[in-house]
Structure formats: structure tokens, C-alpha cells
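Let's take a friendly walk through a protein model, one feature at a time. Have the sequence and the 3D view ready as you read.

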Amino acid sequence: MRARIRGNKGMASSDEPEAVERKYKKEDKKEDEHEEKEGFIEKVKDFIHDIGEKIEEAIGFGKPTADVSGVHLPCINLHKAEIVIDVLIKNPNPIPIPLVDIDYLIESDGRKLVSGLIPDAGTVHAHGSETVKIPVTLIYDDIKNTYHDIKPGSIIPYRIRVALIVDVPIFGRLTLPLEKTGEIPIPYKPDVDIEKIRFEKFSFEETIANLHLKLENKNDFDLGLNALDYEVWLSDVSIGTAELTKSTNIEKNGITKMEIPISFRPKDFGSALWDMIRGRGIGYTMKGNIDVDTPFGNMKLPISKEGGTTRLKKGKNGEDDDDDDDED
């Protein structure tokens, strides 16, 4: 009985190396299978990569390129700036490439001014190039209400960020990031004053005179004056409208003086006529627009003055007096 038990223990002891060996063989087999699987996947990847390169070489597939080719300001006034961003996209492939999305952002000193998304923006022709125009509108009131340190008349820096998402065979979807920097103005309307009205000819039926205007440019950029259209009221009586074409430069944060010819009938002014004759101050209102060139393009800016006071003067022998500044 004891011998039989000892014999059984001896058999169990002799089986252990075989179990361990089988265990290691299974693990080795798994590792070999894993390595073979990884090797197969790598071979497939290499094969696909090689095939892709051969296809690319054979039929000319390649990644498209893009660049911001220009930024235009077709319209800019006191209320808004319309911006058009030109993006030039080149497609080297033999088939058209669809533009999936265009994502854009305009910021100033890291602060967002405006952003947007243009879906399904079109297609770039095969072996061709396309200029995609991105229209953007900046509303100045929105900017000034959000960022109180941005003042009218100032020039602020901007950075345009554009992300083009295209769908290219072999490569799949690609994002082409673009950037462009520059400056944009926040326009401020010029101040206008009628300093005096100088008679050239005076009669009750018709008076010919010159308006002596003072235009103050409160912007941080020059204004090249091309034209001025205006309407003037003296003592609530309109003395008519006119348009003057006269080129002059109004320097930034500077003042320019100019003369505008007018004609009117004093008898239309009623009791205010006696104040005019006696050289007393007379109330005036002036409204109009100036057409100007700026470093940022052409602008049409309003000018207005209400509740001003001026004097009608006539110097000896037609000469101007020196004591006839306006009274506001």
C-alpha cells in the first residue's frame, strides 16, 4: 500500500516538466502568431503605401496648396467694413477636389472680431487653380460695445485665420491652415464749422459770398478730399445745396480750412435779415458728405453741424477782417 502511494507521487513529479513545457510552447506559439500578424499588417501597410506612391507617381496625385492672395475693403464707412478675403487654391490632381468647409476667424490682439463657417464651398478644377472669395462684414458698433478700448478714429491690427478642409483621393480629408495680418481703421467723421461768411456781392435780391469752412480730421490717418456735397441753412432758411470738387489733403488729427462759394437772397430771411446786416451772429446748420481717399481705400463720410453761430462780414475793399471767428 505504501509503495503504491510512493509510486503515484513519483509519477506526478515526473509530469510537471511536460506541463511546463507545453505551457511555454503555447505562449511561444501565441507570440509567433502575434508577430506574424503584426508582420502581415506591416506588409499590407507597406504594400498600400507603395501602391499609393506608385499611383501618385503614375497619375499625378498630390496635396493641394493654398494661400491668402489678397484682402480687399470694397466698402468702408462709419458703421461697417466689408472685407473680401481672396484664397488661391491650386489642385495638382487629375480630378476635381471638393472644398468641404471653410472656417474663418478675424481677431485683433488675440480678441475675436468676427468668425464664421462656409459649408460646401465649391470645387477646385483638375490640374487648375481657383480663387475662393470669403466675404466678411465687421460691424463697428459690435466691436466698440465689446471692446471699450477700441476708439473711433483709431487703427487696429488684425489677423485673419482660415482653415480650408478639402477631400483628396488617397490622402483623404486635409486641413490647410492659412494666416494673414494687416491693419484696419475704425473711422470717425470729421468735424465741420463755418467760421465766417464773406460777402463778394450784397443785395436784397441776391448775395454772393464765400463760406469759410474748417474741417477737422480726428482720425489717425490722412484724408484725401476729392469732393464735398452739402446743404446749408442760415437762420432755418435753406440757402441751397451744392457740390464742390476740390482735391486737398486733411492730415491725420489735423485741421484744413477751405472756401466754398454760395449765393442766396437775404430778403428770404425775414427779421433775421437785420441781424445779418448789423453783423450779429446768425445761426446755421450744415449737412453733407465728403468723398475721401485713405490708406485703406475710398470712403464717403458724413459731415454735419447743427446749432452753430457765424457772422456775415465784409472787409474794407474786399479784405478780410481778423476779428470774425465763429461763435459756437
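The report below looks at strands, salt bridges and contacts that involve rings.

## Before we start

The model you see is predicted. Keep that in mind while you follow the residues named below.

## A sheet of three strands

Strands of a sheet pair through backbone hydrogen bonds, either parallel or antiparallel. Here, one open sheet has 3 strands in the order β1-β2-β5, and the pairing is antiparallel. Which strands stand at the edges of this sheet? They are β1 (65-76) and β5 (128-139); each has a single partner strand, so one side of each is left without a neighbour in the sheet. On average, neighbouring strands of the sheet are turned by 20° against each other, direction ignored.

Let's look at one pairing in this sheet. Strand β2 covers residues 80-91, and 9 bridges pair β2 with β1 in the antiparallel sense. To find the place in the 3D view, look for A66, which stands opposite I89 in β2.

## Strand β3 and its two partners

Now move along to strand β3, residues 97-108. Is this strand mostly covered or mostly exposed? It is mostly covered, since 9 of its 12 residues are buried. A residue is called buried when its relative accessible area is under 20%.

Strand β3 runs antiparallel to strand β4 (residues 111-124), and 11 bridges join the two. At S108, the residue standing opposite is R111 in β4. Together β3 and β4 form a hairpin with 2 residues between them. In that turn, D109 has a positive phi of about 55°. Strand β3 also pairs with β6, again in the antiparallel sense, over 8 bridges. In this pairing, Y104 has V162 in β6 as its bridge partner.

## Salt bridges

Side chains of opposite charge can pair when their charged atoms come close. How many salt bridges does the model hold? The count comes to 11. Three of them are described here, beginning with the one between the side chains of E82 and K80, at 3.0 Å from N to O. E82 is partly exposed, with a relative accessible area of 27%, and K80 is also partly exposed, at 28%.

In another salt bridge, the side chains of R159 and E179 meet at 2.8 Å, N to O. R159 lies in strand β6 (residues 155-168) and E179 in strand β7 (residues 172-185), so the pair ties together parts that are 20 residues apart in sequence. Both count as partly exposed: R159 has 30% relative accessibility, and E179 has 44%.

## A link from β8 to β13, and a network

The third salt bridge joins the side chains of E195 and K257, at 3.4 Å from N to O. This pair links distant parts of the chain, with E195 in strand β8 (residues 191-201) and K257 in strand β13 (residues 255-264), 62 residues apart. Is E195 buried or exposed? At 13% relative accessibility, E195 counts as buried, whereas K257, at 58%, counts as exposed. Elsewhere, salt bridges that share partners join E107, R159, R161 and E179 into one network.

Strand β8 also holds D193. With 12% relative accessibility, D193 counts as buried. The side chain of D193 is joined to that of K305 by a polar contact of 3.1 Å.

## Contacts with rings

A pair of aromatic rings is described by the distance of the centres and the angle of the planes. The structure holds 1 aromatic pair. Why is it called edge-to-face? The rings of F221 and F296 have centres 5.5 Å apart and planes at 80°, and planes over 60 degrees apart count as edge-to-face.

The two rings come from distant parts of the chain, 75 residues apart. F221 is in the loop between β9 (207-216) and β10 (223-234), while F296 is in the loop between β14 (282-294) and β15 (297-310). Both F221 and F296 are buried.

One last stop takes us back to R111, the residue opposite S108. The charged end of R111 sits over the ring of Y147, 4.5 Å from the ring's centre.

Key. Residues are numbered from 1 along each chain as its sequence is written. This is a predicted model: local features need pLDDT of at least 70, side-chain atom pairs count only at pLDDT 80 or more; totals for chains, interfaces and linings use all residues. Side-chain values use heavy atoms; hydrogens and water are left out. Two strands pair if DSSP finds at least two bridges between them. Helices (H or I, at least four residues) and strands (E, at least two) are DSSP runs, numbered from the N terminus. Axes are lines fitted to C-alpha atoms, for helices over the stretch in contact, and angles run from 0 to 180 degrees between N-to-C directions. A salt bridge is a side-chain nitrogen of Lys or Arg within 4 Å of a carboxyl oxygen of Asp or Glu. Buried means under 20% relative accessible area, exposed over 50%, partly exposed in between (1.4 Å probe, protein chains only). A polar contact is a pair of N or O atoms within 3.5 Å; within protein, one must be able to donate a hydrogen and the other to accept it, and residues adjacent in sequence count only if both atoms are side-chain atoms. Rings of Phe, Tyr and Trp (its six-membered ring) pair if their centres lie within 6.5 Å; planes under 30 degrees apart count as stacked, over 60 as edge-to-face and the rest as tilted. A charge sits over a ring if NZ of Lys or CZ of Arg is within 6 Å of the ring centre and within 35 degrees of the ring normal.
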